[in-house]
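Notebook open, coffee poured. I want to look up the charged pairs here and then one helix residue.

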Amino acid sequence: MGSTSDWETMRHAAETLDTLGVAYETKVVSAHRTPQRLYDYATTAADRGLKVVIAGAGGAAHLPGMAAAMTHLPVLGVPVESKALKGMDSLLSIVQMPGGIPVGTLAIGKPGAINAGLLAAAILATADDTLAERLKAWRAAQTDGVATDPI
C-alpha cells in the first residue's frame, strides 16, 4: 500500500486472504515518497516467491502501475478512497494504464480490497487444487448466506 493510512482499506484484502488460508506479506511502498523501496520491492517480488501483487493506493495512485511496470507478476490495483474526489482520482489513475502494462483494477475502497483478495486467490487456485476447493467453499457459503425472503 502507498501509505499506512491505506491499511484501513487494504486490511480487507488481508482478511480475505486469511479466510482462504493464503499466505501474504504487507508493506508500505510509496511510488512517490519511497521510489527506491518500490523498485526493490517490485523487481524482487517473483524472486521472493510472490505470485500476485495487490497494490492499493489513493490520490494519484501510481503504485499499482509502477509495480506492474517492474514485474511480470499479475498486479491487482485497489483504488483507495480519497478525501478530495472520493476515490475517483485513484480509480482513474489505476485503470488508465497504457497498453502493454496491465493492472487489474478493482472497485474503490473496501469492496475492491475484498475482491482483490478473492481475485488473487482465484489466480493462485489455477495451480493449487486445495486452494481452489477452499475458494469454492467460500463462494458456496456466500451463496448460502443470501436470504430468499426479505424479512
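Before anything else I wrote down the burial scale: buried is under 20% relative accessible area, exposed is over 50%, and partly exposed is in between. Note to self: this is a predicted model.

Entry, helix α6. I checked Glu133 first; at 47% relative accessibility it falls between the two cut-offs, so Glu133 counts as partly exposed. Its partner Lys136 has a relative accessible area of 52%, so I logged Lys136 as exposed. The two form a salt bridge, with the closest N and O atoms 3.4 Å apart. Both sit in helix α6, which covers residues 129-144, and being three residues apart puts about one helical turn between them.

Entry, the shared network. I found that salt bridges with shared partners join Glu8, Arg11 and Glu15 into one network. Arg11 meets Glu8 at 3.3 Å, N to O, and Glu15 at 2.7 Å between the closest N and O atoms. In helix α1, Glu8 is three residues from Arg11, while Glu15 is four residues from Arg11; I noted about one turn for the Glu8 pair and about one turn for the Glu15 pair. Arg11 is partly exposed at 24%, and Glu15 is partly exposed at 37%. My salt-bridge tally for the model is four.

Entry, Thr9. I stayed in helix α1, residues 7-19, where Thr9 also has its place. Buried or exposed, I wondered about Thr9? At 12% relative accessibility, Thr9 is buried. Leaving out residues up to four places away in sequence, I listed its contacts as Val78, Val80, Gly109, Lys110 and Ala113.

Conventions: Residues numbered from 1 in each chain as written. Predicted model: local features only at pLDDT ≥ 70, side-chain atom pairs only at ≥ 80, totals over all residues. Heavy atoms only, no water. Helix = DSSP H or I, 4+ residues; strand = E, 2+ residues; numbered from the N terminus. Buried < 20%, exposed > 50% of the residue type's maximum accessible area, 1.4 Å probe, protein only. Contact = heavy atoms within 4.5 Å. Salt bridge = Lys/Arg side-chain N within 4 Å of Asp/Glu carboxyl O.
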